[in-house]
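Reader: I am new to this structure. Could you walk me through it, one question at a time?

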Amino acid sequence: MKQSEMDTKVVCGVTLRKDPARESCFKVVDTDAQMVAWPDMSPQSRRERLHRHMNNEITSLDIAAQCLADFPDAPWDLRMQLARQAWDESRHVTALHRRLKEIGGFKGEFPVANFEWTVTCILDSLVGRLTLQNRTFEAGAMDLMARLPGKWREAGDGETADLLDSIAADEIQHVRFANQWIRKLTSEDKRLLFKVAHAVRFLAEVNAAFAPAPGETNVVGQVIANAGQVAPINAADRELAEFSDEEIAEVLRQAGFPALVPRQEAQA
Amino acid sequence: MNVKTRAEAVGTFRHVNVFLMETLAAWVPSTAEMEAKVLFGRHIWLVAQVADRLGRRARELRAPLHFSRLPSASYVKALDALAALTQTAPRLEGLYRTALPSLRGGYASYVAETDRLIDEPTVVVLEDAMREIDRMQSESIRLVEEFPALREGASSATGELRRRFAEATDMIDVRREPQSA
C-alpha cells in the first residue's frame with residue numbers, strides 16, 4: 001500500500017499512520033506528555049505499567065496483521081512468521097489483561113498511545129516495517145524486558161514477573177525472524193537496503209520531533225524520561241535473536257557501553 | 001477421485017484458507033473491541049497453519065508447492081462479501097456461523113468422497129482442520145456469550161452473505177484449469 005492511500009495524521013510536524021481502531025473506553029493520545037506514568041512501583045503505577053504493556057501488545061498484533069494484509073506477495077514462510085506473531089501477541093494481550101484485572105485494574109483506566117503503529121505502518125515496504133517494529137522496537141523492548149521481571153519480583157509480585165519473562169521469551173523469536181528475513185531479502189535485492197536505511201532515518205526524525213523538552217512533565221507531573229536513556233543492552237537475548245556479534249557491539253557502543261564490547265570487536 | 005482432482009481440491013481449500021487469513025488480518029486493526037480483535041488475531045495463525053499444510057500436501061499430488069486455485073465464481077463472490085463486512089458483530093456472525101460452516105462442509109464432502117486409505121495424508125489434514133473450525137466456533141460462541149453486544153445487528157447485516165454462501169454450493173471449480181502457485 002502506498003502512503004498516499006493511507007489514512008494519516010500529523011503529530012509534532014510528522015505525518016504518521018492514523019491509529020488503529022480502539023474501544024471507546026480507551027483514551028488514545030499521541031505523546032508521552034499526554035500519558036500517565038510514575039517511576040515507582042506503587043499500586044497505581046503497577047496497573048499503569050501493565051495497562052501500557054497490554055496496549056503495546058495490541059499494537060504489535062495490529063502491526064503484524066496489517067503487514068499480512070498489506071503484503072500478499074511476501075514469501076509464504078515470512079507470512080507464516082507474521083501469522084504466528086499475531087497469535088503470540090494475541091495471547092500476550094489476553095494474559096496481560098487477565099493479570100491487570102487480578103491486581104484491580106481495567107481496560108481504559110489510563111491513556112494509551114499507539115506510537116509504534118503510527119510510525120511503522122506509514123512505511124510502504126515490508127522490509128522497512130520489519131526493520132522498525134521487530135528489529136528496533138521489539139529488540140528495544142527485549143532489552144527492557146531483561147530487567148522488568150526482577151523489578152516486579154523485588155516489588156513482591158512474582159506472578160507478574162513470571163508472565164513478563166514468558167512474554168520476553170516469545171519476543172526473541174519475533175526479532176530473530178525479522179533479522180533472518182531482512183538479511184535474506186536484502187541479500188536477494190540490494191535495493192531493499194534503501195528501504196531499511198529510509199526506515200532507520202525516518203525513525204530518527206520522528207524521535208527528534210517527539211523528544212520532550214528538558215524538564216517537560218506528563219499529565220501527573222512526572223518528568224518525562226529522555227528517550228536517549230535506553231535500557232542496558234540485553235546481549236544474551238539479542239544473540240538468541242540472531243543479532244551478529246558486530247551488531248551487538250555496535251549497539252553497545254551507541255548505548256555508551258564501549259567497555260562491554262569484546263576486545264576483538266572493539267579493535268575492529 | 002484421481003490425483004489431479006485431489007490436487008485441485010487441495011489447492012482450492014488452500015486458497016480459501018489464505019483468503020480467510022488475509023481477511024482476519026485486515027479485520028484486526030479495524031476492529032475496535034479488544035476481545036474480538038484478539039480472537040481474530042488468534043485465528044489468523046490457525047487458518048495459516050491449515051493453508052501451510054495444504055500447500056505442502058499439494059506438492060505431494062504433483063502440483064507446485066503451495067499451489068492455490070480459485071474456487072467457483074459463486075464461492076469467490078461469497079468470500080468477497082465476507083471480507084467486505086465492516087462491523088464487528090456481522091464479522092463474527094459471518095465468519096463463524098456462515099463461512100466456516102460452509103468450509104467445513106466442503107472438507108466433509110471431500111473426506112466422504114475420497115479414498116481414505118490412499119489419500120490419507122489429505123484426510124488427516126482436513127480432519128484436523130475441521131477440529132480447528134470447531135475450536136474457532138466454540139471460542140467465538142464464548143466471546144458473544146460474555147459480550148452480548150457483539151450480537152447486535154449481526155443477523156440483519158449478514159442476510160446477503162448467507163444467501164451468497166447458500167448459492168455457492170460447489171466450492172471447487174471443476175472447469176478451471178489449475179496452475180497458479
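Reader: How many residues does each chain give to the contact between chain A and chain B?

Author: Happy to help, and please keep in mind that this is a predicted model. Two chains take part in the contact, chain A and chain B. Chain A gives 23 residues and chain B gives 20 residues.

Reader: Which element gives the most to the side of chain A that touches chain B?

Author: Two elements of chain A give two or more residues to that side, α1 (43-70) and α2 (76-102). By class, the side has 14 nonpolar, three polar and six charged residues. The element that gives the most, with 10 residues, is α2(A).

Reader: Which residues touch the most other members of the largest nonpolar core?

Author: This core has 109 residues, and its largest share, 14 residues, comes from helix α2 (residues 34-60) of chain B. B:M21 touches residues of both chains, including A:L68, A:A83 and B:I44. The residues that touch the most other core members are A:L68, B:M21 and B:I44.

Reader: What is the orientation of α4(A) and α7(A) to each other?

Author: Let's start with the axes of helix α4 (residues 126-145) and helix α7 (residues 192-210) of chain A, which come within 8 Å and cross at roughly 50°. An angle under 35 degrees would count as roughly parallel, and 65 to 115 as roughly perpendicular. The two helices, α4(A) and α7(A), are therefore oblique.

Reader: What is the handedness of the crossing of α4(A) and α7(A)?

Author: Where they meet, α4(A) brings residues including A:V127 and A:T131, and α7(A) brings A:L192 and A:L203 among them. By class, this contact has seven nonpolar, four polar and one charged residues. The crossing is right-handed.

Definitions and conventions:
Residues numbered from 1 in each chain as written. Chains lettered and ligands numbered in written order. Predicted model: local features only at pLDDT ≥ 70, side-chain atom pairs only at ≥ 80, totals over all residues. Contact = placed C-beta atoms within 7 Å. Helix = DSSP H or I, 4+ residues; strand = E, 2+ residues; numbered from the N terminus. Nonpolar A, V, L, I, M, F, W, Y, C, P; charged D, E, K, R; others polar. Core = buried A, V, L, I, M, F, W, Y, C linked by C-beta atoms within 7 Å. Buried ≥ 20, exposed ≤ 12 C-beta atoms within 10 Å, placed from the backbone. Axes fitted to C-alpha atoms, helices over the stretch in contact; angles between N-to-C directions. Parallel < 35°, antiparallel > 145°, perpendicular 65-115°, else oblique. Left-handed = near helix turned anticlockwise from the far one by under 90°. Lists of a residue's contacts leave out its neighbours within four places in sequence.
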